[in-house]
Amino acid sequence: MHSFHYRNGVLHCEDADLEALAAQHGTPLYVYSAATIRDHYRRLDQALHGIDHLICYAVKANSNPAVLRLLAQEGAGFDIVSGGELHLVRAAGGEAGKCTFAGVGKTKAEIAYALEHGVHSFNVESEAELEAISEVAKETGRVAPFAVRVNPDVGAGGHKFITTGKSENKFGIGLERVEQVYADAARLGGLRPVGVQMHIGSQITEAGPFALAVERMLPLVQRLKAAYDLEFFSIGGGIGIMYQSSLASGDNEWWHRRDVGAQPALTLEGYAAAVAPLLRGLGVRILLEPGRLLVGNAGVLLTRVLYRKTTPAKRFVIVDAGMNDLIRPALYSSYHEIVPVHQRAADAMRESADVVGPVCESGDFFAQARELPVTQSGELLALMSAGAYGFVMASNYNTRPHPAEVLVSGAQAAVVRERQTMDDLTRGTHLPAWL
Ligand SMILES: *Cc1c(COP(=O)(O)O)cnc(C)c1O
């Protein structure tokens, strides 16, 4: 579900009027719905009822501290990929003991920081990394809990850049080598095997690859459990969401339907139903690492139309958000629904246009040759499904300040990150005295 709907002709996030929020806080502006995040978390939790599990939210999808606090309050753990993410989780009130530390390039400083605060486990991606963790643990007199990330060689994911579970990807260790790695760990010292992990990709919109990967892993999980008394099996994240909707045509109910657009049907409950029977009775705790699923449809990016421009070949709608604010279309050719915040009549005039930002790159677009209602300069648009991999990838390219973020709960709205100021753009820079 999500909580964006038209009310009295104006798009709302829960009970908050988005035109009013944009007027108050300026644009571009990210707006998140707390109710949507909670609903997704609780539904996933409920769908796994009867299976011992821990949902470790993948912080990289959206690391705003208010989002982290909300999920910590729900009881979530966290999947982190850097020392910085651990710092944010702790600052937001999350427990290090519920953090799994993933990523192919952990530095020794990050490993030491994570050990010091007692992370749940290190998800190890190579033998060399395991050696580094062992060294740091021995140096500091600690024992590092670890799980090996297994690459089950299952191809899945919405784009070649977000497929991670194939043998040619940089992630994980091949099924055939995994048991040797656990055996070597005992020799290295300072290590305690606590689990085994996999993650096959992102924006996967069918249950099949998840079930296939779990099935491939099961014999290994059982052998490792027998050998090392493992506590958990993490099945990763990667559950896809709906990006294509019919909200644009005034249909407020699109998120209940799973047959819209080109994407095959995968509901949160469908995902759980596909994997739960395989996991029941395994005798280990199941960890999940959803990112996009929890926050993707919980956020929008509000942007104002600056200018319209027509060339002999094309019509452009130039908006005040750019690829530095939301890079997904440029990076992954990803689709974001674009809707006017002021609702149009079903028979309102439409046109085909490219929606582009102000950044000096031809890749700076949000939609190309998209059928949209005719929009005027000054008008407010919402880029839908921008809650995951949105703000977290924002940059200062073209020396544009980072946008602000607002969290809504019911009729309450709070700025959870301020817009950067001109001063922020020079902070930390220095002009050498010899210049
Ligand atoms: C990115 C990532 C996730 C989350 O992926 P989503 O597609 O956002 O669910 C989970 N686990 C690992 C190891 C990741 O790298």
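**Exposed turns, paired rings and overall fold**

With a relative accessibility of 56%, Thr399 counts as exposed, because the cut-off for that class is over 50%. The value comes from a predicted model, as do the others in this passage. Thr399 sits in the loop that runs between β19 (380-383) and β20 (404-409). The backbone of Thr399 also deserves a look: phi is positive, at about 50°, although the residue is not a glycine. Most residues other than glycine have a negative phi, and most peptide bonds are trans.

Asp229 offers a second case, with a positive phi near 55° in a residue other than glycine. Asp229 is found in the loop between α8 and β12 (232-234), and a relative accessibility of 59% places Asp229 in the exposed class. A further backbone feature appears at Pro28, which is joined to Thr27 by a cis peptide bond with omega of about -5°. Pro28 belongs to the loop between α1 (18-25) and β4 (29-33).

Turning to the chain as a whole, 12 helices and 21 strands are assigned in the protein chain. The radius of gyration is 23 Å, close to the 22 Å that the globule rule gives for 435 residues, so the protein chain is as compact as a globular protein of that length. Along the principal axes, the C-alpha atoms fill a box of roughly 70 × 65 × 40 Å. Of the 435 residues, 55% count as buried. Contacts between residues at least 6 apart in sequence are also informative: 70% of them join residues at least 24 apart.

The accessible surface of the protein chain amounts to about 17,800 Å², and carbon and sulfur atoms contribute 52% of this area. As for charge, the protein chain carries 40 positive and 47 negative side chains, with the centres of the two sets lying 1 Å apart.

The aromatic side chains come next. A search of the whole structure yields 7 aromatic pairs. One of them is formed by Phe101 and Phe122, a tilted pair with 5.9 Å from centre to centre and 35° between the planes. Phe101 is part of strand β7 (residues 99-101) and Phe122 is part of strand β8 (residues 121-124), so this pair ties together parts that are 21 residues apart in sequence. Both partners fall under the 20% cut-off for burial: Phe101 has a relative accessible area of 1%, and Phe122 has a relative accessibility of 0%.

Phe210 and Tyr271 make another pair, with ring centres 4.8 Å apart; the planes meet at 85°, so the pair is edge-to-face. Here the partners come from helices: Phe210 lies in α8 (residues 208-228) and Tyr271 in α9 (residues 268-279), so the pair ties together parts that are 61 residues apart in sequence. Phe210 is buried at 2% relative accessibility, and Tyr271 is buried at 1%. Elsewhere, ring pairs link Tyr30, Tyr32 and Phe391 into a cluster.

A last stop is Thr429, in the segment after α12 (422-426). Thr429 counts as exposed, at 51% relative accessibility. Ala382 is 47 residues from Thr429 along the chain, and the C-alpha atoms of the two residues are separated by 34 Å.

Key
Residues numbered from 1 in each chain as written. Predicted model: local features only at pLDDT ≥ 70, side-chain atom pairs only at ≥ 80, totals over all residues. Heavy atoms only, no water. Helix = DSSP H or I, 4+ residues; strand = E, 2+ residues; numbered from the N terminus. Rg over C-alpha atoms; globule rule 2.2 N^0.38 Å. Buried < 20%, exposed > 50% of the residue type's maximum accessible area, 1.4 Å probe, protein only. Contact = heavy atoms within 4.5 Å. Areas by Shrake-Rupley, 256 points an atom, 1.4 Å probe, with all protein chains shown as cover. Lys, Arg positive; Asp, Glu negative; His and termini not counted. Charge placed at Lys NZ, Arg CZ, Asp CG, Glu CD. Phe/Tyr/Trp six-rings, centres within 6.5 Å; stacked < 30°, edge-to-face > 60°.
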